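Student: I'm new to this structure and would like a close look at a single part of it. Could you walk me through one binding site and then its surroundings?

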Amino acid sequence: MAETRLKQLGGIVARQGILIAFALFLVGFAVFSESFSSTENLTSVVRQSAIIGVMAIGVTVVVISGNLDLSVGSMLSFATVMVVDLHDKIGPGPAMLVMLVAVLCLGCLNGFLVGMLRLNSLIVTLGMLSAIQGLTLIYSGGQNVDIADQEGTWFALFGRGEILGIAAPIVMFAVLAVVMQVVMSSTAYGRRVYAVGGNPTASVFSGIRRSRVVFSTYVISAFCVGLAAIILGSRVMGSQNNVGQGYELLVLAGVILGGTSLLGGSGTILKTVIGVLILGFIQNGLLLLGFAYYVQWLVTWVVIILAVWLDVAAKRGRLFSPIA
Amino acid sequence: MERLKSNRAGKWLVQNPIWGFIVIIFVFFSLSNEYFFDMRNFQNILVQTSTIGLIALGMTLVMINGNIDLSVGAVVALAASLMVDIQSWEAFSGWGNWQMLPALLAALAAGTALGALNGIIVWKTGVDAFIVTLGAMLGVRGLVFIYTEEQSFFAMNFTFSDIGMSSVGPVPSLAVLFLIATVAVHILLSRTVHGRNTYAVGGNREAAVNAGIRVGPHMVVNFMIVGFFAALAGVTLSSQMGASTPNLGREYELWVITAVVLGGTKLTGGAGSIIGTFGGVLAIGILRNGMNLMQVPAFYVLVILGSILIAVLFLDKQLTRKGAEALKT
Amino acid sequence: QEYKIGITQNNVGVDSYQTTYEQAFISAAEANENVEAVVLDAGGDVARQIAQIQDLIQQNVDAIIIWPTNGQAVVPAVRQAKNAGIPVIVTNSNIAEEGFDFIASFSGPNNIQQGASSAELMCEALDGSGNIVQISGQPGYTTAIERQKGFEDRLAEACPDVTIMETQPGDWNREKSQRVMEAFLVKYDNIDGVYAGDDNMGVGALNAAKAAGREGIAFIGATNFAVGYEAMGRGEYYGSIYQSPVDDAEAALQTAIDVLDGKDVPFLNYFETPKITQENMGEFSKPVF
Amino acid sequence: MTEQTQTPALRLDGIVKTFPGVRALDGVSFEVRAGEVHALLGENGAGKSTLMKVLAGMHQPNEGRIFIEEREVTMESPLHAKAQGVVLIHQELSLAEELTVAENVYLGELPRKRWGFVDWTTLNAKTNEILKRLNCNFDATTRVSDLSIAKKQMVEIARALTVDAKAVVFDEPTASLTDAEKVVLFDVIRDLRARGVGIVYISHRMDEIFTLSDRLSVLRDGNYRGTLVTAETDEDEVTRLMIGRSLSYERNHEHVELGEVALEVRGLSCGSLYHDVSFEVRRGEVVGFYGLVGAGRTEIAETLFGLRTPSAGTILLEGEEVRIDSPVDAIAQGISLVPESRKEQGLVLGMSCRDNITLPQIGDLTTGPFVSNGAEVAIYDMYRDRLDIRSPSWRQAVGNLSGGNQQKIVIGKWLAMKPRVLIVDEPTRGIDVGAKGEIHNLIRELAKSGYAVIVISSEMPEVLHVADRVIGMYQGEIIRTFDAGEVTEDSLVQAISGIRADKAA
Ligand SMILES: Nc1ncnc2c1ncn2[C@@H]1O[C@H](COP(=O)(O)OP(=O)(O)OP(=O)(O)O)[C@@H](O)[C@H]1O
Ligand SMILES: Nc1ncnc2c1ncn2[C@@H]1O[C@H](COP(=O)(O)OP(=O)(O)OP(=O)(O)O)[C@@H](O)[C@H]1O
Ligand SMILES: [Mg+2]
Ligand SMILES: [Mg+2]
C-alpha cells in the first residue's frame, strides 16, 4: 500500500518536469552565488516577478481558451502612464479607478474583436499592441510622467509597501494566483474556458456561449494588466511610454514555461507562476553572477530550452521526441 | 456578394482578400498624395519591403509546417554584422570586390546553421517552436553582441552599398532579388515534393508521419530555409546601409508574422500561400510608405497601422462569410 | 523664399527628451514663416530611417535633418541625399566619420564630453576614491556607447582610485534600472556611487537604494530630467548634465536654414551641456520633461 | 470459393500492448491467410484498432512477434510496414485537408521528376485510375477540404490501392459511407482477395461481416477469443463470443400510449439546405429520419438546436411557439442533440470523461461558487453503468477511449440533461452490437417514460427497429412519412431516392 503510494507520488513528481527544473536552478544559483539565496534577494526577485506574473495569470486564461494576447505589453505602458499621470491630477483612488475602467475598455475591445467577431487573435492583439502604443503616446504627448510626492501618497503601498509583513506586490500576486487557480479549476466558468480552448465547436454544441467566454478572458487579462500597472506605477513612481515594450513575449514565455499549450485547452495558473518565477530567478541569478548582458542572453536561451525540454520529456517519459 | 463569388476573379479575391485591400489603399494613396503614384516611389516600396518580404517567404514555409520562428530578427543582425565585418578583414584585402564573397557565404551559412539548430532542437526535444525560437531570439542577439562587441560596422568599400542601391534596368536590384526569390519559393511550395509535404506536415502531422514523411528532417529543412532568408535579408539590408548595427532587426519577427498571417497563412499550420504572403508584405509596405508621404504624425501612425491590421481581418471575414445558412458556432 | 526641410528623428516617444525635441522643432518651424517642415520618426529602426530618407529625397525637400538611429548605418543614405543635391544636417548624435564628406554640418551635444563631465562629478562626489557601479543605456546605441566611453576614460584619468565594480545596461528604462540596482545592492555592500546613462535610470537606481534603506550613495546621471532635478532639490541626487532638447532642436533648424542661406557654418556645431549639481541647480530652470 | 491457400499472409503471435493504466492487448495471436477476408470483431475497446496499429507500425508492442509470409518482421514505422506490404485504412480520417485528393492518396510517396518537382501528370493519372476503380465521381485534383465525409473516407480507402499489398486492414471503413459506396468498396475488397491479398476487416455491422468475410476472429478485453469460419456460424454464436451472452432482439413495438405533441415544426426552411419541412413528435414517440447523406437531416436537427437560423417556418414546443437562437436556448427549452461528429462536435478530447459528460449542465452542479465534485462523479458513474462505458477511471482523457466508448460518452452527456426532446444524429456510428442494442433499448425506454425522440440514421435496420414513425427525406424535402405499421424497406428506399408515394403507387 505504502509502496504504491510512493510509486504514485514518484510518478506525479516525474511528470512535473518543470518543478524539477525549477529546483535545479535554485540549487545551482545558490551554489555559485552567495547572495542569491539570501532572504532579501529571494523576496526581491519574487517582488520583481510580480508584475510579469500578474499579467501572465491573465494571459494564461486567454491562452487556455485557445487565443493569444500580445497587447498586454503596450497595454501595461498605457495603464501605467495613465495611473501615474492621473495620480497627481485627481488623487490615487480615482486615478486607479479611471485607469482600470480605461484598461477594461481595451480588454472589451479585444474581446469583442476576437470573441464576437471571431477575428484571428494574434493579428488583432498585434494590431492592438501597435494602436495602444500610439494611444499612450497621444495621451502623454510622448512625455514621461512622474508622481511628485513619492513619500506622502498611500499609492506607495502597492509597489513599495508591505501587507502583514510581506511585500505588497508579492501578496497581490499570490492572492491573484490562488483566486484564479481556484476559479479555473473549481468553478463552472473555469471549466467552460477549458472546454472552449479544447474544442470550440464542441463547446458551442454543449451550450456554452463561446463568444462570451472568449470575451471574458480578454477582460480578465486586461484587469490583470491594470493590477500590474498599479504595482509598476507605485514601484517606480513614474512611467515612460514604452515601459511595457517587449513584455508580451516575456509574459508568454512564462506562460509556456509553465506548460500551458498554445493550442489551448490545457494549462494551470500555478504552473504559470512557476514559469514566471523561473524567468525571474534566471535573470536575477545571472545578474548576480555578474555575467555581461549578452552572456545572460545566451545562458537564458539555453536554460529556457532545457527547462521546457525537461518538462516535455518527463511528460512523455523519454528524453527525445519519437517523431522520425 | 454571391455574384462576386461566382466568377473566377471574384473567387480568387475571396481566397486572397489581402489583394482587394491592396487595391483599396493603392487607390486611396494615389488620390490623396501627389508623390505616391510615381515609378520611383513604387521602386522604393519594393526595396523597403524586400527585407521583411524575404524573411516572410521563409516564415511562410515554417508556419505552414505549424511552427514559428521568432529568432529571425536577431539572425538579420548577425548576418548583417558578418557581411559587413568580414569583407573588411585583412585576409581578403587583396581580393578587390571579391572580398564580399566570403562575407556573403559566412553570413548565409550562419543564418542557415542557426535555422538548422532551431529545427533540430524542435525536432529532437519536442519543445514547441515558439519557445525554442523565443530563446534563440534572445540568445542569437547575445551572439551578435559578443561578435560585434557592441560596435556597429561600416563597409569601407562603397561598392557594397552601391550594389544595394543599384538597378537592373529600371528596377532596383534588391527589388529584383526579392521578386525572384518570391517566384522561386512559390514554385518550391506549389510544385515540389518538399513543398507539398510542407502542407501535409502542418495540416495533419499524424497523417504525415503515418505516410512515412520524415517529419523531423522536413521541419529542419524549412527552419534552414527561413534562417537562410533571414540572413539574406540581413545582407540586403546591410547593403542598403553599407553598414550594420547590433540592434538591427528588432521586432522584425512580429512584422514578418503579421505579414504572413495577413496573407492568409494559418497559425495552426496546413494552409497558406506565397501569393498571399507577398500581398501581406506589400500591404504593410504600402501603408508605411503612404503614411510617411502623407506625414501622418508618428503617434497616429501606430494607431492607424494597428486599426488597419484589424480592419483587413474584418474585411477578410466579410468576404469569406458563409452567409445566413452557416452553422453558428 | 520658402524652404522645405525634412527631419527624420530617432525614436519619438521613447523618452521625453526626444518628444520635447520634436515639439520644440515643430514650434520653431512654425514660428518661421519661411520654413515648411516634414517631420518623420524612424521609431528607432535604422531600416525605416533609411526608407524615410529615400522618401524625403523622393519628395525633393530642400534640406534633410537627420537624428541618426545609428551613426554608421545611415551613411550610404546620406550619401544618396548628397548625390541628389540635398544638404544633410545631422542632429543630436553624430554619424560615423566616413560620412562626414556627405553632410553639411553636425549640430548637437558632445556625448563623450558629457560622459567625461559625469566622471568629473563622480570624482568630486567621492573625493577621489571609492567603489561605484554603472548603469548604461540600451546596448548598441551610439549615445549609450559614447557616454559610457567618455565616463570610463575620464574616470581612469581623473581619479584612478574610483573603481567601477560592475556595469549592466538599464535600457533607458527606469524599472529595468531599478531591478538592476536591486541586484547590485544585494551583491555589493560597499557601493559609494552610481553612474547612470541618464537621469531616468538614475532615479530608478535611487528608488532601489531608498527602498533597501541604503544611504550615502552618490547618484550621478546625464541628460537632466525633471525627476532628477527634483531629487537633487531633495538632496538625494548628487548631480547630472544639463542638456536642453529645446536648444538642441532650435540649433538643428537654425543650422539647416543657415546652410540653405549659404552662410558659413562650423562643421561641428556643439551646444553647451554644463554640469548641474545640488549647489548650482538654482542657475538652471527645471527641465520641462 | 476463391483460390485460398493455406500459407498465412500474416501472423501475429502473443502481442501484448499496454498504455498507462490499460492493458489493451493481452497476448493476442491470430493469422490471416492470403486471399481471405478475415473479420475482426469485438466490443468497443476490445483492442481491435490497437492490434492493427501494432501491425502497421504505429504502436510498438510490449511483447509478441509479427510474421509476414512466415518471415518474422519488426514494424518500426508505418512506412516500414507499408514497405513490407501491410497497409492500414484508419478508423478515423487521417488526411491533410489543404492538399488535393491525389496528393493525399500518394502522401509520402509523391512521384518525382528532376529537382524534386512533383510529377503531376503521373500522379493525377494514377490517382484517377484508382478513383475510377472505386467508382468515385470526383477528380484527383479536388481539394480534400471540399469533400464530404463519405468522399474523404473513399480517399482514405484509395490509399490501400497504391501499393502491391500483402495484407490490407480496413478499420471500420463503412462508418460514414452510403450504401452505394459500400457496394463499390465490397467489390474492391473482393477484387483484392482474388489477387491473393490477405484482408483484415473490422466492423460492428454483422450484415457486412456475414456478406464479406471468410473467417472471423473475436477479441474481448484485449484477449483472443477464437476464430470461426463465417459460413459455419451465425450471429448469435459470434455475439456470445464477443460479449458473453446472446442478444434478445425482440422487435419492440408493443403499443405505447402517445402523449400530447411535444415538438411541432411547421414549414421550416433554411436557405438551400432544406425546404418546407413540417412534422410533429409526440411524447412517448420515436420518430426516425432516414435519407441519403446530404438529404438535410442533420441541418434540421441543427436548426432545432439553435445552431442555424431558419429562413422561414415556426417551431412549437408543447403547443407554444419558441425562438431558438442558440444551443443555450435549446437546452433551456429541454432539447438535446447528440451530434453527428463526435470528435468535432461532441467531445473535448483533452478533457476527462467526467468533465465531458457534465459539460452542458456544469452551471447547475455547483455548491456556492464551486463545482461539486461529488455531484459530477455521481452523474458520471450513473451513465457509465447505464451505458456500460469502458474507461479505467473518470479521469481518463476522452481522447484515449476507443471510438465506441467515446460515442457513449456523448450520448451519456445528453441523456444526463433529461431533455423533453432528444435528437440523436447517427447515434450508433462505430458502436458494437451489444452496446447498440443497449442504446436502442435506451431510446425506446426514454420514449416510454415520456420523452419525444428524433433518431437520424443512415442505417435502415436501425430506423426500422427503433422508430415508431419514419420520415423519408430526399434533397432537403420530406418525401413521405410512414407509420409504424406501413413502413417497409422497399417503400423507404423509394422515398429516399425521391420517388413520391403517389408516383410509386
Ligand atoms: N493512446 C492510448 N492511450 C491510452 N489508452 C489507449 C490508447 N489507445 C487505446 N487505448 C485503450 O486501449 C483499449 C483498446 O482500444 P481500441 O481503440 O483498440 O479499441 P477498439 O477495439 O478499436 O474499439 P472500437 O470498436 O470502439 O473502435 C481501450 O481501452 C482504449 O481506451
Ligand atoms: N461536400 C459538400 N459540399 C457542398 N455541399 C454539401 C457537401 N456535402 C453536403 N452538402 C450539402 O449539405 C446539405 C446537407 O448535408 P449533410 O451531409 O449534412 O446531410 P444529412 O442529411 O445530415 O446527411 P448525413 O446525416 O447522412 O450526413 C445538402 O444540401 C448537401 O447538398
Ligand atoms: Mg477501433
Ligand atoms: Mg448528417
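Tutor: In this predicted model, ligand 1 is surrounded by 19 residues, and the closest are D:Gly45, D:Ser49, D:Thr50, D:Asn400 and D:Gly404. By class, that shell holds 5 nonpolar, 11 polar and 3 charged residues. Try finding the elements that build it: strand 2 (22-33), helix 1 (48-55) and helix 14 (403-415) of chain D each supply at least two residues. Helix 1 of chain D gives the largest share, 3 residues. You can also look at the site by domain, since domain 1 (8-243) and domain 2 (261-504) of chain D each contribute at least three residues to the shell around ligand 1.

Now zoom in on the polar contacts. A polar side-chain atom of D:Ser49 is 2.6 Å from an oxygen atom of ligand 1. The backbone takes part too: a backbone N or O atom of D:Gly404 lies 2.8 Å from an oxygen atom of ligand 1, and a polar backbone atom of D:Gly47 lies 2.9 Å from an oxygen atom of this ligand. On its own, ligand 1 has 640 Å² of accessible area, and the protein covers 86% of it.

Next, turn to ligand 2. Its shell has 15 residues, with D:Gly296, D:Arg297, D:Thr298, D:Glu299 and D:Glu340 the closest. The classes here are 5 nonpolar, 5 polar and 5 charged. Because domain 1 (8-243) and domain 2 (261-504) of chain D both give residues to this shell, ligand 2 lies between them. A polar side-chain atom of D:Glu340 is 2.6 Å from an oxygen atom of ligand 2, and an N or O atom in the side chain of D:Glu299 is 3.0 Å from an oxygen atom of the ligand. A nitrogen atom of ligand 2 sits 3.4 Å from a polar backbone atom of D:Asp146. Taken alone, ligand 2 exposes 620 Å², of which the protein buries 64%.

Two of those names return at the magnesium ion (ligand 4): its protein donors are D:Thr298, through OG1, and D:Glu340, through OE, at 1.8 to 2.2 Å. These donors link distant parts of the chain, 42 residues apart: D:Thr298 is in helix 9 (residues 297-304) of chain D, and D:Glu340 is in the loop between strand 16 (335-338) and helix 11 (342-346) of chain D. D:Thr298 counts as buried because its relative accessibility is 9%, while D:Glu340, at 26%, counts as partly exposed.

Notes
Residues numbered from 1 in each chain as written. Chains lettered and ligands numbered in written order. Predicted model: local features only at pLDDT ≥ 70, side-chain atom pairs only at ≥ 80, totals over all residues. Heavy atoms only, no water. Donors = N, O, S within 2.8 Å, 3.2 Å for Na, K, Ca; no water. Helix = DSSP H or I, 4+ residues; strand = E, 2+ residues; numbered from the N terminus. Buried < 20%, exposed > 50% of the residue type's maximum accessible area, 1.4 Å probe, protein only. Near = heavy atom within 4 Å. Polar contact = N/O pair within 3.5 Å; in protein donor to acceptor, adjacent residues only side chain to side chain. Areas by Shrake-Rupley, 256 points an atom, 1.4 Å probe, with all protein chains shown as cover. Nonpolar A, V, L, I, M, F, W, Y, C, P; charged D, E, K, R; others polar. Domains from an automatic or database assignment.
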